[in-house]
Each structure stands twice: as structure tokens, then as C-alpha cells.
Amino acid sequence: GNNGNCVESIQLGSNEMTDLVVGEAAVPVANEENKRLQAQVERKQKEIASLEAQIEEHSERIEAVADHMKNVRQEQQHSQALLDARKKEVETEEHFRLLGSVHHCLLVVGGAREGGDMLYS
């Protein structure tokens, strides 16, 4: 190294970095290009952090919507089962009502044929 304080330029590809030599230690001093690149890196790191936060938020929303959809499907299946049971109940009631009507008619017709009293049930 140099005995005194001096500034040296070192070519690194197309980037130039300037070192301030203090005693035996070289302390990098950012030139304008390095400052611009460092600022760009910091902006990109902030952008990455922001995008990662958005991804996390969207993932949580997707999970919540998926859970809600699962619950809605279960509720729909339950409602469909109740509807199917009610339809069967109505069909059974209608069947018994028709059987009752047929039975009633048979009793009336049978009573009329025998010339006896008409029965009503």
C-alpha cells in the first residue's frame, strides 16, 4: 500500500470503484454509478418485499375463499337432502291420499251394489 492517504481508481469490468486508502486498509467509496446501482438494488428489494407481502395476502384470501366454498357446498348438500326428504314425504302423503280416495270409492260403490247404506270414511 501507499504510506499516505490517497485515492486510487481500480477498473472492474465496466464499473469503476474508487478506494480511499487509509493506512493499510482500503475503504470503498461509491462513485455516482455505484450509488445509482445501489439505489436501484434497494428499490428492487423493496419491490420484492412488497410483492411477497401481496402474495401472502392473496394466498390467505384464496384459502379463506376455498374454506367458504367448502362450507357452502356442505350447506347446499344438506339443503338438497332436506328437499329430497320433503319431496318423498309429499309423494307418500299423496300416495296415501289417493289410496284413501280409492278405498272410499270402493266402499261407496260396494255399498251401492248391495243396496245397503253408503259408507263414508
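Is E32 buried or exposed? E32 is exposed, because its relative accessibility of 60% lies over the 50% cut-off. That residue opens a look at the charged side chains of this protein. The model is a predicted one.

**Overall build**

The protein holds one helix and three strands. Read from the N terminus, the order is β-β-β-α. The helix, α1, spans residues 32-113. Strand β3 covers 25-29. The protein has 121 residues, and buried ones make up 5% of them.

**The start of the helix**

N31 sits in the loop between β3 and α1. N31 counts as buried, because its relative accessible area is 18%, under the 20% limit. The side chain of N31 also reaches the backbone of N34: a polar atom of that side chain lies 2.8 Å from the backbone nitrogen of N34.

**Salt bridges**

Side chains of opposite charge can pair when their charged atoms come close. How many salt bridges does the count come to? The count comes to six. Three of them, including E32 with K35, are set out below.

| Pair | N to O distance | Relative accessibility |
|---|---|---|
| E32 and K35 | 3.6 Å | E32 60%, K35 45% |
| R36 and E33 | 2.9 Å | R36 44%, E33 34% |
| K44 and E47 | 4.0 Å | K44 45%, E47 41% |

Take E32 and K35. Both lie in helix α1, three residues apart, or about one turn of the helix. Their closest N and O atoms are 3.6 Å apart. E32 is exposed at 60%, whereas K35 is partly exposed at 45%.

R36 and E33 are spaced by three residues in helix α1, so about one helical turn separates them. Their side chains meet at 2.9 Å, N to O. R36 is partly exposed, with a relative accessible area of 44%. E33 is partly exposed too, at 34%.

K44 and E47 are also in helix α1, three residues apart, about one turn of the helix. The N to O distance here is 4.0 Å. Why does this pair count as a salt bridge? The pair counts because the rule asks for a side-chain nitrogen of Lys or Arg within 4 Å of a carboxyl oxygen of Asp or Glu. K44 is partly exposed at 45% relative accessibility. E47 is partly exposed at 41%.

**A negative patch**

Which residues form a negative surface patch? The patch is made of E56, E60, E63 and D67. One of its members, E60, is found in helix α1. E60 has 48% relative accessibility, so E60 counts as partly exposed. That value is also over the 30% relative accessible area that a patch residue needs. Patch residues have no salt bridge, by definition.

**In brief**

The order β-β-β-α ends in α1, the helix of residues 32-113. Before that helix, N31 is buried in the loop. Within the helix, E32 pairs with K35, R36 with E33 and K44 with E47. E60, in the same helix, belongs to the negative patch with E56, E63 and D67.

How values were computed: Residues are numbered from 1 along each chain as its sequence is written. This is a predicted model: local features need pLDDT of at least 70, side-chain atom pairs count only at pLDDT 80 or more; totals for chains, interfaces and linings use all residues. Side-chain values use heavy atoms; hydrogens and water are left out. Patches are made of residues with over 30% relative accessible area and no salt bridge: like charges are joined within 9 Å, nonpolar side chains (Val, Leu, Ile, Met, Phe, Trp, Tyr) within 5 Å. Accessible areas come from the Shrake-Rupley method with a 1.4 Å probe; for residues, only the protein chains shown count as cover. Lys and Arg count as positive and Asp and Glu as negative; His and the chain ends are not counted. The place of a charge is taken as NZ of Lys, CZ of Arg, CG of Asp or CD of Glu. Helices (H or I, at least four residues) and strands (E, at least two) are DSSP runs, numbered from the N terminus. Buried means under 20% relative accessible area, exposed over 50%, partly exposed in between (1.4 Å probe, protein chains only). A polar contact is a pair of N or O atoms within 3.5 Å; within protein, one must be able to donate a hydrogen and the other to accept it, and residues adjacent in sequence count only if both atoms are side-chain atoms.
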